[in-house]
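Okay, everyone, thanks for coming. Let me put the structure up, and then we'll walk through a few spots in it.

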Amino acid sequence: MKNVSLRFCVCAGLGFFAVGATALGQSVVYVPNGSDTTAGTIGNVAGIGNAVSGTSQAVYSAAQMASVPPGSLITGMQLRLRNIVTSSWPASALTITRYDVTFADSPVTPATMTTTFASNMSNPVLVRSGALSLAAGAYPGGANTGTVPEGWGPLISFATPYVYGGGAMAVEIRSENPSASGASQADLVAAAGGGAGFTSWNSSSAATGLPVTANTGLAMRLTYVTPGAAPFQRGVTRLVILDDLVNERANNGGTSVLYDFAKTTQGIVEQGEMRRLGRGSRLIGMFYRGGSSSAWPASADSYSRYDLTLSKALTTPATMSNTVANNIGADATLVRSGQLDLGAGVLLPLGPSPRPAPWAMEIPFTTPYMYKGGGLMTLVRSSSISSFDGGSPAGLAISDERYGTRVRMRGSSLLSPDATTTEGNVSYAMQMFSADSGTVTPRQFVETAGAIPAMTNFYAGTAQVVQTVIAAGELQEIPVGSQITGLTVRSTDANAWPASGLGFTEYQIDVSTAAARPFSLSALYANNEGSDKLRVRSGPLSVMKQSFPGGAAVNAFGATIWFDRPFVYVGGDLCVTVRHSGSGSATTPASMDAHGIATRSQMITSSGNINAGSGTRLPQGPVMRVEYNPSVVAPIEASAMQGGTGYPILLSAGGNVHQSVYAEDQLRGLRIGSVITGVSLRRNSRVDFQGPDWPASDTVVNRFDITLSTSPVGPGAMSDTFASNIGADAILVRSGSMTIPAKAFPYIESETVPCDNEWFIQFTEPFVYKGGALSMTIRNNSGAGGTTFMADAYLGSDSVAAGRWAIGMGPDATTHTNFSQKGALVARFAFVPKGVCFGDLNNDGVVEDTDFVMFASAYDRLDCSDPVMPMGCPADLTFDRFVDDTDFVFFVSSYDALVCP
């Protein structure tokens, strides 16, 4: 058996100027660039503390720091002696009485650097201060002459890490050493192209220095760590407006939004069209779909202006006003503006009859829009197109019965992008939004403040532990089985915060199903955590300057703390435990929004020790946005364990076909009518010994076609002929070449713990799940190379899931040829839920006798913690973790209504 080691966080330093053998996770950069191999010709005594009193300051250009990703934490520095001195320094152990180091953003370039120290810095951070002790010979000397530099001196670690935000950077050192000789100097190295500037003075309290020495800077070896970016794909949720037309051609063209001439177009979407999109979700892009038989535009073109604004709609489609101001909400957000470049044929033509066009034309947003509930308004202000050849995206005709009740769109006749009114109805252009799903807890505070400020634990300067338990009722927008991927809080301050970047050298988050209710927490953290506790992130964390907005009655949420690993939500209350090292900043952290409703969420906190085992219960909880990917794993039992084997479905030799069929009862997380928008596969580390995350770099797959359908047979009755397992409603949900991003498939070496689903293959034509067994057919001619990706496959009962496989027979093979290897791929399906229907326990769209039997069984069990209860305890309609008489009242009401809304 292999040793089990879980990958919690990987901090990579790829493509940097240089990488040295520093502490684990640390990278290094040399400034000025080239100073690792080239010595300088001048020196400075204050830099290394060999002055009775002195100040030195250097500014390094953005080009000098280009190899350091913005957001990196600079954690220490090393200097060295100018090589004119042959002996090491100091001769004996020495304590420099003052050695204060400040890093700062620089508003100047080296060429415009002034002799006034303060004018060369903005948002300064005192990264270390006080005395500095040096061992004898800490700074190496020797017989080196000419261009060969001396060895680097000791690493001077920072008490407060500096968050590099990009751009020019200033470094200031103020030192005092009564025993200084001045003979040994810090090395100053020339910077090619004006990449650095330097000034100094012989007083540690000086405000100004000598004339700037151009093209020169202190030779420094800076250590830094780069917190890993969120590994989860953005925009996993794909929300189709008018989703009953997902797999049908629309009946008109919505030309107004891609018009020949300048145009103002406003549209209203009824609240029901937003489905079960969590209130707190961020819309980050929008698609149009082609409505004609030819691609558009014929050649690359552009709109010089294409401004898109989203807001909560103040009216419904039926009551929509021609006056823009009457429809647009106070939360109006200009999500993108300026020129819109169009590649040739970006609006794809209709597919083979009766297929609609694929969703291919995405307009990404530069500013996300946070959905807070209600209907949605879109406002398009566009110039004329360069070639005066407008597009014809698919649209809903004005005469359609759905027009005016579910959607409406109106355009201006003034041929102006700045019209304040529109004059008449136009066809509704079909839209699909990319979204990062989130839900605000408590839900009632999505648009209002929690009213209890001064919660500073999450970003305090000193080490903290803060544990929050969130009631299940506040998480009902998250489908059971979904991935929870991050959390976000918001400031209550009047100003944007922080003024300068903050860095945490260690920021840990554990998530579990809570073992205690919010209103009855234990002071011992471990007592509130469930047995499924998972370390979802660890390592450094950067907080970029002004990443938390301020000044509003209810501020927008700030920067998300993304997880390194997702937590699979299985229902019930959620326990989130944050442990961090403190930022080291003496500045008071911003007050974060909190509330005082103990039944919704509650906190336990302690300060000063990242490893504290207990804390103080506070009569409050944070207003928090929980980020998630709505998705489910099939088969269900593979949600928490590996499938049993792995199949090399990306094997490049000859191409292959793999087909899986999943029984209906394995798809309970999908309410009938939900729209499946993507799929994620994962590795199986029991048979995949290749390690690390795969692929090492972006990899192009020549062909990767996926077909979904209702299966005409159950998995136990699968035919060896692929076509016999595909239903009449088959949809080619994606086809053609595909780029697999680097490290899309993470690796966890374990015999039992499943690898993570981090990357979703997005569908260009989503599939509406109609119930029954589900068939997925993958036809692949990869070119991806070898067997380094072993897709997790299920080998359990074929009444649950089964598969058929033709390997090396080409992507168009028709029959199974791979002997007894008949396992189904373990698949995580991303979807947009149909909605909430209390009492519909089997998610078939009606509440009837089958649901009654399921409810009665849960009622007899009573306690949701009973292991026999279905995942998520769906019969607990009141979210109190018991199925009792109160739940029965709710169930009977739905049972009498029969049909779900």
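Let's start with one residue: does S491 count as buried or exposed, and at what relative accessibility? Quick caveat while you look, this is a predicted model. Right, S491 comes out at 2% relative accessibility, so it counts as buried, the cut-off being under 20%. And that's for a residue in a loop, the one between β34 (483-489) and β35 (502-504). What is S491 in contact with, once we leave aside neighbours within four places in sequence? The partners are F548, P549, N555, A590, S591 and M592. For a sense of scale, take F819: S491 and F819 are 328 residues apart in sequence, and 60 Å apart in space, C-alpha to C-alpha.

On confidence, the mean pLDDT of the protein is 92, with 96% of its residues at 70 or more. Then there's the stretch to treat separately: residues 1-24 have pLDDT below 50, and in the model that stretch has 63 contacts beyond near neighbours in sequence.

Okay, sheets. β34, the strand on one side of that S491 loop, belongs to an open sheet of 4 strands, ordered β31-β45-β34-β39 with antiparallel pairing. Which strands stand at the edges? Those are β31 (438-441) and β39 (561-568); each has a single partner strand, so one side of each is left without a neighbour in the sheet. From one strand to the next, the twist averages 30°. If you zoom in on β31, 4 bridges join it to β45 (residues 624-629), running antiparallel, and T441 has M624 of β45 as its bridge partner.

There's also an open sheet of 3 strands, in the order β17-β26-β29, again with antiparallel pairing. Here β17 (252-253) and β29 (428-429) are at the edges, each with a single partner strand, so each has one side without a neighbour in the sheet. β17 pairs with β26 (residues 394-396) over 2 bridges, in the antiparallel sense, and one pair to look for is G253 with A394 in β26.

Next, β55, residues 774-781. How many of its 8 residues are buried? It's 7, so β55 is largely enclosed by the rest of the structure. On the pairing side, β48 (residues 656-662) is antiparallel to β55 over 7 bridges, with V661 opposite S775. β51 (residues 703-710) pairs with β55 too, antiparallel over 8 bridges, and there T710 stands opposite L774.

One more single residue, T605, sitting in strand β42 (residues 601-607). T605 has 10% relative accessibility, so under the 20% cut-off T605 counts as buried. Skipping anything up to four places away in sequence, T605 touches N457, V465, V466, Y525, G615, T616 and L618.

Last stop, a helix pair. How do α3 (residues 849-861) and α4 (residues 885-897) sit relative to each other? Their axes come within 11 Å and cross at roughly 180°, and therefore α3 and α4 are roughly antiparallel. From α3 the contact uses D849, D851, F852, F855 and Y859; from α4, D885, D887, F888, F891 and Y895. By type, the residues of that contact split into 6 nonpolar, no polar and 4 charged.

That's my tour, so over to you for comments.

Notes
Residues are numbered from 1 along each chain as its sequence is written. This is a predicted model: local features need pLDDT of at least 70, side-chain atom pairs count only at pLDDT 80 or more; totals for chains, interfaces and linings use all residues. Side-chain values use heavy atoms; hydrogens and water are left out. pLDDT is the predictor's confidence in each residue, from 0 to 100. Contact means heavy atoms within 4.5 Å. Two strands pair if DSSP finds at least two bridges between them. Axes are lines fitted to C-alpha atoms, for helices over the stretch in contact, and angles run from 0 to 180 degrees between N-to-C directions. Angles under 35 degrees count as roughly parallel, over 145 as roughly antiparallel, 65 to 115 as roughly perpendicular and the rest as oblique. Ala, Val, Leu, Ile, Met, Phe, Trp, Tyr, Cys and Pro count as nonpolar, Asp, Glu, Lys and Arg as charged, and the others, Gly among them, as polar. Buried means under 20% relative accessible area, exposed over 50%, partly exposed in between (1.4 Å probe, protein chains only).
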